[in-house]
Amino acid sequence: MLEVGLAGLKPIWQKLDLIVSPNAVFVKLPKEDKLGLDSIYLQAKRYRGNTVGRPDIQAFAGALDMHRARKGVFITTSNFTKDAHDFVTRIEKRIVLIDGREWAALMREHNVGVSTRELYAVKAIDSDYFLEE
């Protein structure tokens with residue numbers, strides 16, 4: 001999570017509040033800022049072929065309430081429904097939705113979980129070569 005630019009958070013992974021189920025992980029990332037005024041909660045779901053709908057996001061928002069949190073990031077390997085996107089724009093909490101395509105782009109951008117297979121040389125015409133002396 002740190003490598004893909006989640007607000008420069010530096011959690012100690014062994015001390016995270018972590019809840020794991022077969023298709024989801026719910027984690028508290030402590031101390032968004034150095035004073036520890038706010039925390040961000042993260043939920044990641046691995047869905048194959050299913051979209052994440054409003055009920056899942058509402059449940060996440062409710063879990064944030066239980067922890068007195070105002071910010072969360074919900075990541076899925078699939079997609080979010082339009083209702084899920086609409087819901088996060090209408091609530092007071094700040095919930096960021098990251099779908100599989102955006103997550104893959106973040107991984108590529110920050111070189112997390114990817115490897116370089118080939119590099120290509122881009123060549124340009126050297127116009128000085130053609131100048132007559």
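## A walk through the fold

Read along the sequence, the protein chain follows the pattern β-β-β-β-α-β-β-α-β-α. That pattern comprises three helices and seven strands. The model is a predicted one. The chain has 133 residues, of which 32% count as buried. Its accessible surface comes to about 10,100 Å², and 51% of that surface belongs to carbon and sulfur atoms. Among contacts between residues at least 6 apart in sequence, 47% join residues at least 24 apart.

A good place to start is with the strands. Strand β3 covers residues 40–45, and because five of its six residues are buried, β3 is largely enclosed by the rest of the structure. Its partner is strand β5, residues 71–76; the two pair in the parallel sense over six bridges. Two positions help to trace this pairing by eye. Ile40 has Lys71 in β5 as its bridge partner, and Leu42 stands opposite Val73 in β5. Strand β5 also pairs with β7, again in the parallel sense, and here there are five bridges. Lys71 appears in this pairing too, standing opposite Arg94 in β7. Thus β5 pairs with β3 and with β7. Is β5 enclosed or open? Five of the six residues of β5 are buried, so β5 is largely enclosed by the rest of the structure.

Next come the buried nonpolar residues. In soluble globular proteins, nonpolar side chains tend to be buried together. In this model, the largest nonpolar core has 15 residues, and the members that touch the most other members are Ile57, Phe74, Phe80, Ile95 and Leu97. The elements that give two or more residues to this core are α1 (54–66), α2 (82–90) and β7 (94–98). Of these, α1 gives the most, with four residues.

Phe80 shows how such a residue is surrounded. Leaving aside its neighbours within four places in sequence, Phe80 is in contact with Val52, Ile57, Phe74, His85, Leu97, Ile98 and Asp99. A second, separate core has eight residues, including Ile40, Ile75, Trp103 and Leu106. Ile40 was met above as the bridge partner of Lys71.

Charged side chains come next. Side chains of opposite charge can pair when their charged atoms come close. How many salt bridges does the structure hold? There are two salt bridges. In one of them, the side chains of Asp65 and Lys93 meet, with an N to O distance of 2.6 Å. This pair links distant parts of the chain: Asp65 is in helix α1, Lys93 is in the loop between α2 and β7, and the two are 28 residues apart. Asp65 counts as partly exposed because its relative accessibility is 47%, whereas Lys93 counts as buried because its relative accessibility is 18%.

Another salt bridge joins the side chains of Asp86 and Lys82, at 3.0 Å from N to O. Both residues lie in helix α2, four residues apart, about one turn of the helix. Asp86 is partly exposed, with a relative accessible area of 24%, while Lys82 is exposed, with a relative accessible area of 61%.

Two residues deserve a look for their backbone angles. Arg68 has a positive phi of about 55 degrees although it is not a glycine. Arg68 is found in the loop between α1 and β5. Is Arg68 buried or exposed? With a relative accessible area of 79%, Arg68 is exposed. Asn111 is another residue other than glycine with a positive phi, near 55 degrees. Asn111 is placed in the segment after α3 (100–109), and it is exposed, with a relative accessible area of 60%.

The last stop is on the surface. Which residues form a nonpolar patch there? Ile125, Tyr129 and Phe130 form the patch, with about 450 Å² of accessible area together. Phe130 lies in the segment after α3. The relative accessible area of Phe130 is 59%, which is over the 50% cut-off, so Phe130 counts as exposed. This nonpolar patch on the surface can be set beside the largest nonpolar core, where Phe80 is one of the residues that touch the most other members.

Note on methods: Residues numbered from 1 in each chain as written. Predicted model: local features only at pLDDT ≥ 70, side-chain atom pairs only at ≥ 80, totals over all residues. Heavy atoms only, no water. Buried < 20%, exposed > 50% of the residue type's maximum accessible area, 1.4 Å probe, protein only. Pairing = 2+ DSSP bridges. Core = buried A, V, L, I, M, F, W, Y, C linked by side-chain atoms within 4.5 Å. Contact = heavy atoms within 4.5 Å. Patch = residues over 30% accessible without salt bridge, like charges linked within 9 Å, V, L, I, M, F, W, Y side chains within 5 Å. Areas by Shrake-Rupley, 256 points an atom, 1.4 Å probe, with all protein chains shown as cover. Salt bridge = Lys/Arg side-chain N within 4 Å of Asp/Glu carboxyl O.
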